[in-house]
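Colleague: Hi! I'm new to this one, so could you walk me through it?
Modeller: Happy to. Let me put it up on the screen.

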Amino acid sequence: LSGFLARFWNYDESPYVKEKLHKNHSIHLKYVKSNSSCVDLYWKPYFKDTPIAKLTKNDLNQFMESLDAALSGARKNNIVKVGTIALKWAFNNHLIPKDITSGIVWFSKDEQKRFIFTPEQAAELFSRPWPHETSKLANMLAMTTGLRSGEIMAL
């Protein structure tokens, strides 16, 4: 499984990426690299040398249970999707006999309660030294304009 996932999320070697690009679907290098990193951080250490054909839905569920409880539900889902996209593709291309991804119960996207700083709290926060001036500037921009992180990163 580890070798399959490593190749699957390699932009230059992946038959999945080639198929997407050949059919004029958008798939970006940054997305593929992010998923490759997820394979290295979570999938490889857990599954090690497990053969892809021996993988079961139970294995997948145990992997999901093993993910750090401190991670958000959305983050856990993203980690799992890195593998399930590859496994579904493998099934659809007759590389594995069963679609073990069918019927997976995903994590709830637990919404954290948000609050708004008072002007005094914001002033206190920004008066302290920050380890990175860039992150301080980005946070000040978000606070004063209401821009979201993706919009700030685009700037």
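Colleague: Where does His 94 lie?
Modeller: His 94 is in the loop between helix 5 and helix 6. Keep in mind that what you see is a predicted model.

Colleague: Okay. Is His 94 buried or exposed?
Modeller: Exposed: the relative accessible area of His 94 is 73%, and the cut-off for exposed is over 50%.

Colleague: And what is phi of His 94 near?
Modeller: Phi there is near 60°, so a positive value in a residue that is not glycine. Most residues other than glycine have a negative phi.

Colleague: What about Asn 24, what is its phi?
Modeller: Asn 24 also isn't a glycine, and its phi is positive, at about 60°. You'll find Asn 24 in the loop between helix 2 (15-22) and helix 3. Asn 24 counts as exposed because its relative accessibility is 73%.

Colleague: Back to the loop after helix 5. Where is Asp 99?
Modeller: Asp 99 sits in the loop between helix 5 and helix 6 (119-127).

Colleague: Which side chains does the side chain of Asp 99 make a polar contact with?
Modeller: One is the side chain of Lys 88, at 2.8 Å. Another is the side chain of Thr 101, at 2.5 Å. If you leave out residues up to four places away in sequence, Asp 99 touches Lys 88 and Phe 91.

Colleague: New topic: helix packing. How are two packed helices described?
Modeller: By the angle between their axes and the distance between those axes.

Colleague: Then how do helix 3 and helix 4 cross?
Modeller: Helix 3 (residues 29-47) and helix 4 (residues 57-66) have axes that come within 11 Å and cross at roughly 125°. That angle makes helix 3 oblique to helix 4. Their crossing is right-handed.

Colleague: Which residues meet there?
Modeller: From helix 3, Tyr 42, Trp 43, Tyr 46 and Phe 47 meet Asp 59, Leu 60, Gln 62, Phe 63 and Ser 66 of helix 4. Sorted by class, this contact of helix 3 with helix 4 has six nonpolar residues, two polar and one charged.

Colleague: And helix 4 with helix 5, at what angle do the axes cross?
Modeller: At roughly 160°, with the axes of helix 4 and helix 5 (residues 73-92) coming within 10 Å.

Colleague: Why are helix 4 and helix 5 described as roughly antiparallel?
Modeller: Because angles over 145 degrees count as roughly antiparallel, the label fits helix 4 and helix 5. The crossing of helix 4 with helix 5 is right-handed.

Colleague: Which residues of helix 4 meet helix 5?
Modeller: Leu 60, Phe 63 and Met 64 do, and they meet Ile 79, Val 80, Thr 84 and Leu 87 in helix 5. The contact of helix 4 with helix 5 divides into six nonpolar residues, one polar and no charged.

Colleague: Last one: where is Thr 144 found?
Modeller: Thr 144 is in helix 7 (residues 133-145). Thr 144 counts as exposed because its relative accessibility is 61%. A polar atom of the Thr 144 side chain lies 2.9 Å from the backbone oxygen of Met 140.

Colleague: How many residues apart along the chain are Thr 144 and Gln 62?
Modeller: They are 82 residues apart along the chain, and their C-alpha atoms are separated by 44 Å. Gln 62 is one of the helix 4 residues that meet helix 3.

Technical notes
Residues numbered from 1 in each chain as written. Predicted model: local features only at pLDDT ≥ 70, side-chain atom pairs only at ≥ 80, totals over all residues. Heavy atoms only, no water. Axes fitted to C-alpha atoms, helices over the stretch in contact; angles between N-to-C directions. Helix = DSSP H or I, 4+ residues; strand = E, 2+ residues; numbered from the N terminus. Parallel < 35°, antiparallel > 145°, perpendicular 65-115°, else oblique. Left-handed = near helix turned anticlockwise from the far one by under 90°. Contact = heavy atoms within 4.5 Å. Nonpolar A, V, L, I, M, F, W, Y, C, P; charged D, E, K, R; others polar. Buried < 20%, exposed > 50% of the residue type's maximum accessible area, 1.4 Å probe, protein only. Polar contact = N/O pair within 3.5 Å; in protein donor to acceptor, adjacent residues only side chain to side chain.
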